[in-house]
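Here are some notes to read beside the structure. They take up one residue, then the pockets, then a pair of helices.

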Amino acid sequence: MMTEVVPYSFRQDADYLYITGCLQPGGVAVITDECGLCMFMPDPDPHDEAWQGPVAGVDAALNYFKADKSYPMSKLHQVLPEMIGKASKVFHNRNTVSTSYTDLESFQRAMNSGKVKDLSYYTHELRWIKSPSELKLMRQSASIACQSLLQTMLFSRMNPEESKLSAKVEYECKMRGAQRMAFNPVVGGGANGSVIHYSRNDKKIQHGDFVLMDVGCEFHGYLSDLTRTWPPCGSFSFQEALYELVLETNKECIKLCKPGASIQEIHNQSVQMLRRGCKQIGILKDERSYTYYQLNPTSIGHYLGMDVHDCATISNDRPLQPGVVITIEPGIYIPISFNAPESYRGFGIRIEDEVLITETGYEVMTASMPKEISHIKSLLNFDNIRSEIPDLRAALS
């Protein structure tokens with residue numbers, strides 16, 4: 001609850017949604033060899049239904065979610081102990097622990113005897129490689145985010161304020177069918193762009209400053225995640241060299257995406273490129289210096305799917321396989337206090353794309369969102385748009 005009477009918007013746990021398809025809170029799902037999928041559903045409460053509307057119950061579990069068996073939650077203490085007692089091992093979701101079952105004597109006995117394990121190691125393996133149906137949803141989520149961020153980029157020319165850009169991208173995403181944002185948009189203008197997960201979004205963007213926007217949306221349980229950095233005034237100056245370094249790193253790292261490669265290997269290549277480039281630009285005195293990690297303490301990317309940082313139990317050293325979706329997001333974030341040329345202090349750039357690993361290489365799922373300097377200049381200066389970006393009308397539709 002946000003306050004005594006105001007609830008936060010509920011988002012279902014990804015593992016529970018993956019297994020059941022159920023979006024509402026208050027249930028417990030159990031899978032056994034003997035019973036198949038058994039769903040314990042919230043008991044009907046006339047008072048709650050009067051204020052919040054009806055909830056899915058036992059009938060919905062059987063008929064809509066296709067459970068093999070279903071009981072009201074009030075029966076859980078009678079039914080579940082026998083299931084646990086018959087099991088040689090018990091796996092549960094440690095991220096969504098509920099006292100409705102952990103307080104049961106049978107669960108406590110299983111826990112004390114070492115029978116209880118974490119389910120996420122298995123669900124993350126299942127979720128890591130996306131099915132064709134999942135990829136269809138992820139492409140749509142990416143498309144919505146790209147179209148919405150493009151509209152926001154155009155909007156920024158006349159409305160260079162973090163709060164307005166945050167509101168604009170959320171409006172555009174939801175008008176295109178997104179159920180929610182994947183996370184609170186990062187809208188960092190000027191020095192705020194050097195704060196990796198900046199979220200206040202309450203400053204006016206000064207003329208000549210850049211804005212870094214990291215956004216994503218959720219479409220039927222599947223998320224998008226992309227970042228672009230640009231000057232709302234439409235003019236690049238001293239920042240152009242650093243922007244080109246990050247852009248070139250983004251493009252070269254995308255080329256490394258293929259079956260058998262790993263996020264860690266791609267990350268290592270990105271570090272070499274960014275270190276060397278920062279030395280050439282004059283931001284680093286020695287490309288081998290450990291101070292590089294003050295400029296970028298993050299990984300080149302992460303897995304993406306039903307969670308933003310998807311399948312957290314799977315190592316970045318794992319060789320990629322077809323059907324896996326990752327992000328490629330090189331960045332440089334120069335603190336105001338960093339010992340660099342004064343013009344670069346308090347400046348941040350990140351360029352992030354979603355990449356699907358395919359049988360032959362990769363597919364950039366966010367390719368429709370401009371990132372080349374010439375394309376951004378044309379967009380923000382309203383000239384030569386059709387010649388510079390032939391597919392702009394398709395991107396805007």
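1. Val-30 is buried, because its relative accessible area is 14% and buried means under 20% relative accessible area (1.4 Å probe, protein chains only). The model is predicted, so local features need pLDDT of at least 70 and side-chain atom pairs count only at pLDDT 80 or more, while totals for chains, interfaces and linings use all residues. Residues are numbered from 1 along each chain as its sequence is written, and side-chain values use heavy atoms, with hydrogens and water left out.

2. Val-30 sits in strand β1; strands (E, at least two residues) and helices (H or I, at least four) are DSSP runs, numbered from the N terminus. Leaving aside residues up to four places away in sequence, Val-30 touches Gly-36, Leu-37, Cys-38, Phe-40, Leu-80 and Met-83, where contact means heavy atoms within 4.5 Å. Ala-67 is 37 residues from Val-30 along the chain, and their C-alpha atoms are separated by 9.8 Å.

3. The largest pocket has a volume of about 1,300 Å³. A pocket is an open set of points on a 1 Å grid over the protein atoms alone, where a 1.4 Å probe fits, with protein on both sides within 12 Å along at least five of seven lines; lining residues have an atom within 4 Å of a point. Its volume is the space filled by probe spheres set on the points, which are joined across faces, edges and corners.

4. Which residues are the closest to the centre of the largest pocket? They are Ala-29, Val-30, Ile-31, Phe-91 and His-92, out of 43 that line the pocket. α4 gives the most to this lining, with six residues. By class, the lining has 23 nonpolar, twelve polar and eight charged residues. Here Ala, Val, Leu, Ile, Met, Phe, Trp, Tyr, Cys and Pro count as nonpolar, Asp, Glu, Lys and Arg as charged, and the others, Gly among them, as polar.

5. The second largest pocket has a volume of about 420 Å³. Among its 15 lining residues, Pro-25, Asp-48, Gln-52, Gly-53 and Val-55 lie nearest its centre. The lining divides into eight nonpolar, three polar and four charged residues.

6. Helix α8 (residues 132–156) and helix α9 (residues 162–175) have axes that come within 8 Å and cross at roughly 145°. Axes are lines fitted to C-alpha atoms, for helices over the stretch in contact, and angles run from 0 to 180 degrees between N-to-C directions. The residues of this contact comprise seven nonpolar, four polar and three charged.

Key:
Buried means under 20% relative accessible area, exposed over 50%, partly exposed in between (1.4 Å probe, protein chains only).
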